[in-house]
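Student: Please take one part of this model and go through it closely. I would like the contacts, the burial and the ring pairs in one connected account.

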Amino acid sequence: MTVNKPQILLLSLSVAMALAACKQDPAQPAAGAADAKPTDAKALTLDESKLPPVNRFQPVDLDSKVDACTDFNAFVNSKWLAANPIPGDRSSWGAFEMLAERSNAVQQQLAEQAVADANATGVEKIVGDLYATGMDEARINALGIEPLKADLAEIAALTDTASIAEYLRKSAAVGESTIFGFGSGPDFNNPGVNIAFAMQSGLGLPDTTYYTDADKQDKRDAYVAHIARVLELSGIPAADAATQAKDVMAFETRLAKVSKSNKELSRDTKLYYNPISPADADKLTPNFPWTKFIESQGIAVPAMFSFAMPEFHQEVSRMLADVPAAQWQSYLRYHTVDGASPYLSDDFVQEHFNFHSKALLGQKEIKPRWKRVLGAVNSQAGEALGQMYVKVAFPDESKQRMEQLVDNMSEALKVRIENLAWMSPDTKAKALEKWKTFDPRIGYPDKWRDWSGLSTNRDSYLGNVLAANEFNYKWDLSKIGQPVDKTEWGMKPQTVNASYNPQQNQLTFPAAILQPPFFDAKADDPINYGGIGAVIGHEMTHGYDDQGSRFDSTGKFLDDPGWWTKGDFDAFKGLTGKLAAQFDGYVPAPGLKVDGMHTLGENIADLGGLATAYDAMKKATAGTPDPMIDGMTRDQRFFYGWATVWRRSHTEDDMKNRLATDEHALAQFRAIGAPSNLPAFAAAFSCKPGQPMVREGDKQVVIW
């Protein structure tokens, strides 16, 4: 059971994310749609004494044995990281993860209250039903694979191209597409209207490179063994399961050859957009006509949709004709069972962990059940839980202070654009047009999504998950052909992250990230500007990174040079090339390196965001004496705030996975990459020319 949606271009601060946006429809207030911060007759409560601590910058964390001008990350974070090893149920640990744990602890209390409320309605009932059935381990174990038997019987009955194609249509219609993604998103040429997108999918390994790179043979071997074990758990005899596992791997390897890698997708936004009529798509995929598929999903056939990565879909059509039905059965059976494994009995759950978390990421221990179930609640009904979260975990004063910070950062960015030496007046005017249309959203949506129509109960965990899958899929499809609702959020309030949406020019800062070390109501301005201020600047700069800059002030996608003059576009490419080369030089371990082009967009955003935040901090504190808190200057504390955000360690496997799949550089290099280009950093710590944290002359990168 898998849910695959088209990737909407959301550029996020931390973990690589491509998220479909959420719709807030106020038509059914009884089921949860509401304006502003919600209130309920039954009050939710929060016991803060049960929450894990926040992670603030502390002077005691500084490592006097390390020179700040040699390795600023080690100077600020090495002592803390040594004293805080990665927990067994994590593959990385640092500022983001600690806040995620705190958010989880809040959510756990809320979910337990929802479970205990026998009269719960609306979002509380949905959350309570999902959480209660997920925590009923005895019932789940007693059922075993029984909840999937009808699906597996359908797969076992497939005999030919026609029956397989019909199965793909039928399973997609209930939100369980396996081999491709289909859903809604704003039209790149007319961003005020949603269209349909068909996308590549269908791979069980994290990236196309996992099917080809020599250094990933151990992961391929582990994957084949995992496939065999899943098939065996589903009822296939061991010898047959081993043979079928090789067939599944061969099937996916063929798909991988025509799929775009994560790097390709992050470096060329245009890959997502290939407008075509369904009739013309039918000609490209004769064994899987898209007109018939779209009709089968219960929506009107549009005049045009985005048939992204057409080579992938053409290969699927060929495979429908030349891959034996038995091999299709193995592939579909495996993915159906593996996708449902987290919601089945313990033997399925453990096997899912053994491969996806332990073998791929180096995680030592499975997360406790309550965390796993909360993950499912967030996946299936995240905004419903978020509506509960902000009632207890986001004070109004935090939103007010954030609004001021956003305003200050916006003004600082405007000044930087106006003073760019390398940009012509014509391009500056267009850049400022885009600046005027930034739309920041803070904490939680102004309107909440309507959950009426989703029916949950206390009978079946997988049943509730499947019901939510189908509900969310059909709700997403209902947006096709409709105006884009700009009140929608692509992130949940309880998510520790931030994002930028270039098609709507929106900046999103969920409630959960507005805590230390990012935002600290008890801290001085320099710490907050180095933390959340730089995050705000990061998201704003995404509007002008190498991909975000391809969208104009209205959100329309433009071919190069777009709204730039040719000379300015060439100058920009030259500057970004220097930044890519800088990150190409970072080596986290022998034989491993950062890919400067893959991570370029995020590195541009870090550099612009930190520089803008420094300007805003200086303006906010101008005319007042430096208080020299703990003997540290304002400028030093600003950069301490930045580095503390990026304290993070990884298991070896997690590091390798991120290097291959993530468009964000490893945190240790984000801590040093941008500051090393700022003269203010060198001045703050009295660094001398030639030291590693000082980049001068041709090596210094200044973009936005």
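Tutor: Two residues count as being in contact when heavy atoms lie within 4.5 Å. The model is predicted.

Start with Gln107. Its place is helix 2, residues 95-116. Which residues does Gln107 touch, not counting residues up to four places away in sequence? They are Leu374, Asn378, Leu385, Tyr389 and Gln494. Is Gln107 buried or exposed? Buried means under 20% relative accessible area. Gln107 has 2%, so Gln107 is buried.

One of those partners, Leu374, leads to the main subject. Between the C-alpha atoms of Leu374 and Ala196 there are 30 Å. Along the chain the two residues are 178 residues apart.

Now the close look. Ala196 belongs to strand 4, which covers residues 194-200. Its relative accessible area is 1%, under the 20% limit, so Ala196 is buried. The strand around Ala196 is mostly covered too: seven of the seven residues in strand 4 are buried. In a regular strand, side chains alternate between the two faces of the sheet.

What does Ala196 contact, leaving aside neighbours within four places in sequence? The list is Phe182, Gly183, Phe305, Ser306 and Ile480.

Next, the strand pairing. Strand 3 spans residues 180-186 and pairs with strand 4. That pairing is antiparallel and has seven bridges. Opposite Ala196 in strand 4 stands Ser184. Strand 4 also pairs with strand 6. Here the strands run parallel, and two bridges join them. One strand 6 residue, Ser306, is the bridge partner of Phe197. Ser306 is also among the contacts of Ala196.

Phe305, another contact of Ala196, takes us to the aromatic pairs. How many aromatic pairs are there? The count is 54. In one of them, the ring centres of Trp290 and Phe305 are 6.0 Å apart, and the planes meet at 35 degrees. Planes under 30 degrees apart count as stacked and over 60 as edge-to-face, so this pair is tilted. The pair links distant parts of the chain. Trp290 is in helix 11 (residues 290-296), and Phe305 is in strand 6 (residues 305-307). They are 15 residues apart. Both members are covered: Trp290 is buried at 1% relative accessible area, and Phe305 is buried at 0%.

Set beside this the pair of Trp564 and Phe569, which is edge-to-face. Its centres are 6.4 Å apart, with 75 degrees between the planes. Trp564 is buried, at 6%. Phe569 has 13% relative accessibility and counts as buried. For residues 497-701, an unreviewed UniProt entry lists "domain: Peptidase M13 C-terminal". The end C-alpha atoms of that span lie 26 Å apart. Helix makes up 46% of the span and strand 5%.

Rings also join up in a cluster. Ring pairs link Phe57, Phe72, Phe75, Tyr614, Phe638, Phe639, Tyr640, Phe681 and Phe685.

Lysines meet rings as well. Lys399 has its charged end over the ring of Tyr444, 4.3 Å from the ring centre. Lys479 lies over the face of Trp475, and the distance to the ring centre is 5.1 Å.

Back to the part we chose. Ala196 is buried, sits in strand 4, faces Ser184 across the strand pairing and touches Phe305.

Note on methods
Residues numbered from 1 in each chain as written. Predicted model: local features only at pLDDT ≥ 70, side-chain atom pairs only at ≥ 80, totals over all residues. Heavy atoms only, no water. Helix = DSSP H or I, 4+ residues; strand = E, 2+ residues; numbered from the N terminus. Buried < 20%, exposed > 50% of the residue type's maximum accessible area, 1.4 Å probe, protein only. UniProt positions renumbered as here; feature names shortened; annotations may be inferred. Phe/Tyr/Trp six-rings, centres within 6.5 Å; stacked < 30°, edge-to-face > 60°. Lys NZ or Arg CZ within 6 Å of the ring centre and 35° of its normal. Pairing = 2+ DSSP bridges.
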